Amino acid sequence: MPPERSGEPSDVVCVGFGPAGIALATAIEDALEAEEDAPSTVFLDRAASSAWQPDMLLQGTDIQHHFLRDFATPRNPRSRFTFANYLREQGRLFPFCLFGARVGRIEWSDYVEWTAREVTLPVRYRHDVLRIEPVVENGAIERLLVVARDLDSGLARQLVARNVVLSLGQVPSVPPLFEPLLGPGIFHSSTFLRSIRRFRPEEAPTFAVVGAGQNAGEIILDLAHRFPDSTIYSVARNSGFRLYDLGHFSNQVYFPEETDYFHDLPRAGREAVFEDVRLTNYSSIDADVSSALYLLTYEERLLGRERIHMLRRLQPVDAREKNGRYRLVLQEVYRGDRREIDVDAIVLCTGFREQRFPALLEGLRPYLRLDEGGDPDVSRAYRVATDRRLQARIYLNGMTEWRHGISNATSFSMTALRAQEILDDIRRDEEPLATTRPPVAASERR
């Protein structure tokens with residue numbers, strides 16, 4: 001069956017309705033409520049909802065940024081989409097104040113979903129975007145064709161837009177060694193809560209947790225509580241869990257002006273700066289988790305249990321299934337000697353990676369300008385540079401940490417301001433934009 005064309009062309013199709021896409025939607029909604037020019041926009045997401053990292057919401061864990069860096073406050077503190085307004089609407093403003101500035105991950109996820117529900121623009125969940133194609137008219141490409149599959153009906157649908165915003169987020173980073181073995185017993189931390197349900201505490205399964213970042217520390221604590229009789233191996237390539245760099249001055253890299261500085265650097269300079277500030281957000285843990293881990297291992301040693309083994313400077317070099325369990329071969333990073341451990345499950349806390357050249361852009365590759373490293377040439381306003389034939393615009397939203405700095409991907413720091421910059425760039429279009437709010441069918445918000 002040929003794809004079904006969906007209505008009139010839109011000014012914008014945004015692929016992805018996670019945090020980056022939601023932030024763009026709130027900026028557009030605020031513009032509409034202020035009776036400003038705003039583009040007609042449709043959002044597509046393959047998920048059934050905008051739940052934020054649902055399988056990583058461990059009780060007692062918190063987010064790593066200040067709550068004022070939300071979907072709206074940095075660009076418009078009066079917006080109804082701020083975290084403060086969320087608290088007021090939920091009747092928790094005063095109770096929350098007793099926490100200080102710490103926000104639990106469960107509550108932040110609820111804020112993300114609340115904001116998504118408050119958006120009145122068309123959002124089509126369960127739509128998997130298959131490809132993006134140029135619409136060639138008189139030798140020029142002023143519009144793009146977005147082909148998506150409705151995962152409920154199985155039908156393919158086409159949307160035409162003058163601007164496409166990719167808000168795809170990052171994808172789990174799985175070391176090649178483990179890719180062929182992914183399954184019920186070896187899984188990435190992004191599926192932790194879903195995957196851990198198959199294990200029974202009374203069977204005392206043995207776990208290996210690979211990685212030494214915040215997520216790894218939180219998962220070790222969770223496993224120790226969830227499986228009180230289990231043996232847990234923490235496998236780290238470095239000398240052990242490090243604390244985040246929370247220095248007041250070093251964390252100014254999350255200020256807006258740092259984005260200007262970083263974007264203006266040559267490629268080698270950007271890579272050097274990123275390594276310099278990495279510990280402000282990656283490969284480290286906060287003081288609460290570090291203290292809890294150390295106290296747990298100290299007390300267990302005191303009690304003669306020692307079921308949690310902190311293995312340092314060891315790199316996994318081989319893994320294989322054996323009799324329903326997994327044998328993990330570890331090599332000492334500096335001496336080269338090896339040891340083996342047998343476990344029932346391996347949790348990969350190996351982070352996430354950006355899609356520098358998203359697969360959805362492959363059909364447009366002949367029209368895109370690339371930098372010296374073969375990556376898309378992305379402007380300060382997050383627009384992908386193109387040749388003269390492609391006049392439609394493509395934006396990378398929340399996917400350019402490598403180009404705009406450490407505050408522009410997993411961190412929420414620039415989420416609101418980035419959305420505003422993208423909206424402002426779209427509104428610089430010479431043709432008039434739609435200023436009326438499109439009707440939203442109930443089926444588009446399922």
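Is A204 buried, exposed or partly exposed? Keep that question in mind while you set up the view, and remember throughout the tour that what you have open is a predicted model.

**Colouring by confidence**

Begin by colouring the protein by pLDDT, which averages 93, with 94% of the residues scoring at least 70. Then select residues 432-443, where the pLDDT is below 50, and note that this stretch nevertheless has 25 contacts in the model beyond near neighbours in sequence.

**A204 and R313**

Now select A204, which you will find in the loop between α5 (192-196) and β10. A204 is partly exposed, because its relative accessible area is 29%, a value that lies between the limits of 20% for buried and 50% for exposed. Its backbone also deserves a look, since A204 has a positive phi of about 50 degrees although it is not a glycine.

Move next to R313, in the loop between β12 and β13, where the phi is again positive, at about 55 degrees, in a residue that is not a glycine. R313 counts as partly exposed as well, with a relative accessibility of 31%.

**The five-stranded sheet**

From these loops, turn to the sheet that contains β10 and β12, and show its five strands in the order β9-β16-β10-β11-β12, an open sheet in which the pairing is parallel. At its edges lie β9 (186-188) and β12 (308-311), each of which pairs on one side only. On average, and with direction ignored, neighbouring strands of this sheet are turned by 15 degrees against each other.

To look at one pairing in detail, select strand β11 (residues 232-235) together with β12, which are joined in the parallel sense over four bridges; within this pair, S234 stands opposite M310 of β12. Add helix α6 (residues 214-226) to the selection, and you will see this helix packing on the sheet, where α6 touches β10 (207-210), β11, β12 and β16 (345-348). The direction of α6 makes about 165 degrees with that of β10.

**The three-stranded sheet**

Continue to another open sheet, this one of three strands in the order β13-β14-β15, whose pairing is antiparallel. Its edge strands are β13 (314-322) and β15 (338-343), and each of them pairs on one side only. Here the average turn between neighbouring strands is 20 degrees, direction ignored. If you select strand β14 (residues 325-332) with β15, you have two antiparallel strands joined by six bridges, and in this pair the bridge partner of Q331 is R338 in β15.

**An enclosed strand, β2**

Go back towards the beginning of the chain and select strand β2 (residues 10-15), where six of the six residues are buried, so that the strand is largely enclosed by the rest of the structure. Two of its partners can be shown in turn. With strand β7 (residues 156-166), β2 pairs in the parallel sense over five bridges, and V12 stands opposite N163 in β7. With strand β3 (residues 41-45), β2 is likewise parallel, over four bridges, and here V15 stands opposite L44 in β3. To follow the connection, trace the chain from β2 through helix α1 (residues 19-33) to β3, a β-α-β crossover that is right-handed.

**L87 in helix α2**

Which residues does L87 touch, not counting those up to four places away in sequence? Select L87 in helix α2 (residues 83-90), and then show its contacts R92, L93, F96 and E107. L87 is buried, with a relative accessible area of 2%. For one of these contacts, E107, the separation between its C-alpha atom and that of L87 is 9.8 Å, although the two residues are 20 apart along the chain.

**Two faces of helix α8**

Finish with helix α8 (residues 267-277), and highlight R267, R270, V273, F274 and V277, which are buried. If you look down the axis of α8, these buried residues fall within an arc of 125 degrees, so they line one face of the helix. They pack against α7 (256-264) and α10 (401-404), while the face turned away from the buried side of α8 carries the exposed residues A268 and D276.

Definitions and conventions
Residues numbered from 1 in each chain as written. Predicted model: local features only at pLDDT ≥ 70, side-chain atom pairs only at ≥ 80, totals over all residues. Heavy atoms only, no water. Buried < 20%, exposed > 50% of the residue type's maximum accessible area, 1.4 Å probe, protein only. Contact = heavy atoms within 4.5 Å. Pairing = 2+ DSSP bridges. Axes fitted to C-alpha atoms, helices over the stretch in contact; angles between N-to-C directions. Arc of directions from axis to C-beta. pLDDT = per-residue confidence, 0-100. Right-handed = clockwise from strand over helix to strand, strands pointing away.
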